[in-house]
Amino acid sequence: MSHGPRSGLLAVSTALLAMSRHLEVRDVLKTIVASARELLDAQYAALGVPDDHGGFAQFVVDGVSDAQWKAIGPLPRQHGILAAMLHQARPERLADVREDPRFEGWPAAHPDMSDFLGLPIRDGDEVIGALFLANKNCVKPQGGCGFTEDDEELLGILAQHAAIALTNARLYERSRELTIAEERSRLAHELHDAVSQKLFSLRLTAQAAAALVDRDPDRAKGELQQVAALAAEAADELRAAVVELRPAALDEDGLVATLRTQIQVLDRAHSARVTFESCGVRALPAAQEEAMLRVAQEALHNALRHSGAARVDVTVEKRGPGAVLRVTDDGSGFEPRATRRAGRHLGLVSMRDRTNGVGGELTVESAPGKGTTIEMEVPGG
């Protein structure tokens with residue numbers, strides 16, 4: 001590998017561009033580690049993000065097979081060289097890590113390492129991680145370290161930008177958590193409306209039964225049976241609120257499961273029939289799943305709140321390496337050519353921005369009295 005200024009700058013540029021493509025914390029960490037190992041031509045690379053209990057909240061490696069990593073066992077604790085980098089916040093460049101007085105040994109399955117280069121990842125005065133490499137792929141100088149001062153300088157540049165990427169990823173995940181909380185609140189409001197409507201009907205029916213009990217007992221009995229049925233429906237809605245109103249965890253449940261859950265809630269909360277089908281959809285990049293979920297929610301909100309639709313059908317299906325979301329309603333529709341004024345009211349601008357932001361394409365088909373179909377296609381990964 002050439003280490004001239006031009007090749008070094010190109011490698012750093014490539015690594016930074018790769019980091020900027022990811023917003024998930026885990027994806028950012030993997031990209032940083034892989035980029036560092038390739039940039040400095042090392043056999044092994046790792047990055048640890050410390051927790052507050054003497055261990056690591058995240059620990060990502062590159063150059064170790066999945067089987068070997070599993071055999072190594074639990075995540076390391078903050079000890080030895082790792083602890084020094086985290087607590088003293090200074091670089092470490094060693095000819096042989098095994099001969100350092102702070103070295104405390106490895107698990108049996110751990111790969112053997114000799115020369116070592118490590119740097120703390122800092123956000124201001126806070127150390128938010130440790131990035132280190134081992135076993136430089138080169139002829140080692142007698143008794144010296146294969147990693148050079150130039151290597152340390154290049155890794156320092158990467159570590160600075162890694163701090164920015166890691167901080168941005170954390171902020172993104174925090175903002176997504178807040179968005180999910182807002183969505184839970186909105187769904188709770190939908191369920192509250194549905195339960196309130198049933199309780200209002202229950203009260204009116206009970207009043208009717210009370211008025212009839214003396215002069216028409218048979219009709220009063222029928223009204224009381226209706227009271228029991230309405231009460232059961234209201235209880236079901238409240239049960240649904242407990243079971244279904246949980247965070248829309250895309251990273252855990254995936255797009256299809258998250259959409260299915262939310263649409264089941266909406267189907268119960270509205271008089272319109274709301275259905276969902278999926279076909280052959282595999283996991284998509286996180287940003288695309290996030291955008292697709294938000295567009296579906298916006299389209300559903302329009303159909304259920306503004307169009308007067310009796311039926312709304314949502315489908316997600318595989319198309320090439322990506323997927324297509326389709327939301328179709330039989331509501332009042334609108335004139336697409338007049339969307340400049342209506343578009344903001346219907347959230348079309350937001351939907352297009354979300355779609356464009358992940359390299360997708362949004363199509364809107366509608367006509368007055370003919371319903372609306374919104375289709376969003378994303379490219380996949």
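**Loops, a covered helix, aromatic pairs and an open sheet**

Asp-41 is placed in the loop that runs between helix 2 (25-40) and strand 1. In this predicted model, the phi of Asp-41 is positive, near 55 degrees, although the residue is not a glycine. Most residues other than glycine have a negative phi. Asp-41 counts as partly exposed because its relative accessibility is 24%, a value that is not under the 20% required for a buried residue.

A second residue with a positive phi is Ala-89, at about 55 degrees, and this residue is likewise not a glycine. Ala-89 is found in the loop between helix 4 and strand 3, and it follows helix 4 in the chain. Helix 4 itself, residues 80-88, is mostly covered, with seven of its nine residues buried. These buried residues are Gly-80, Ile-81, Leu-82, Ala-83, Ala-84, Met-85 and Leu-86. The cover over them includes strand 1 (42-50), strand 2 (56-62), strand 3 (92-94), strand 4 (116-123) and strand 5 (126-136).

Strands 4 and 5 also contribute to the aromatic contacts. A pair of aromatic rings is described by the distance of the centres and the angle of the planes. Five aromatic pairs are found in a search of the whole structure. One of them joins Phe-103 and Trp-106 in an edge-to-face arrangement, with 4.8 Å from centre to centre and 70 degrees between the planes. Phe-103 is partly exposed, at 26% relative accessibility, and Trp-106 is also partly exposed, with a relative accessible area of 31%. In the pair of Phe-116 and Phe-132, the ring centres are 5.5 Å apart and the planes meet at 25 degrees, so the pair is stacked; the angle is under the 30 degrees that limits this class. Because Phe-116 belongs to strand 4 and Phe-132 to strand 5, the pair ties together parts that are 16 residues apart in sequence. Both Phe-116 and Phe-132 are buried. Together with Phe-56, Phe-59 and Trp-69, these two residues form one aromatic cluster.

A further element is an open sheet of five strands, which has the order 6-7-8-10-9 and mixed pairing. Strand 6 (273-279) and strand 9 (361-366) stand at its edges; each has a single partner strand, so one side of each is left without a neighbour in the sheet. From one strand to the next, the twist averages 10 degrees. Within the sheet, strand 8 (residues 322-329) and strand 10 (residues 372-378) run antiparallel and are joined by seven bridges. Leu-325 stands opposite Met-376 of strand 10.

Two helices that pack on this sheet may be described in turn. Helix 8 (residues 286-305) touches strand 6, strand 7 (311-319), strand 8, strand 9 and strand 10, and its direction makes about 5 degrees with that of strand 8. Helix 10 (residues 348-357) touches strand 9 and strand 10; the direction of helix 10 makes about 150 degrees with that of strand 9.

Considered as a whole, the chain has 10 helices and 10 strands. Of its 381 residues, 43% count as buried. Among contacts between residues at least 6 apart in sequence, 62% join residues at least 24 apart. The chain exposes about 20100 Å², of which carbon and sulfur atoms supply 51%.

Key. Residues are numbered from 1 along each chain as its sequence is written. This is a predicted model: local features need pLDDT of at least 70, side-chain atom pairs count only at pLDDT 80 or more; totals for chains, interfaces and linings use all residues. Side-chain values use heavy atoms; hydrogens and water are left out. Buried means under 20% relative accessible area, exposed over 50%, partly exposed in between (1.4 Å probe, protein chains only). Helices (H or I, at least four residues) and strands (E, at least two) are DSSP runs, numbered from the N terminus. Contact means heavy atoms within 4.5 Å. Rings of Phe, Tyr and Trp (its six-membered ring) pair if their centres lie within 6.5 Å; planes under 30 degrees apart count as stacked, over 60 as edge-to-face and the rest as tilted. Accessible areas come from the Shrake-Rupley method with a 1.4 Å probe; for residues, only the protein chains shown count as cover. Two strands pair if DSSP finds at least two bridges between them. Axes are lines fitted to C-alpha atoms, for helices over the stretch in contact, and angles run from 0 to 180 degrees between N-to-C directions.
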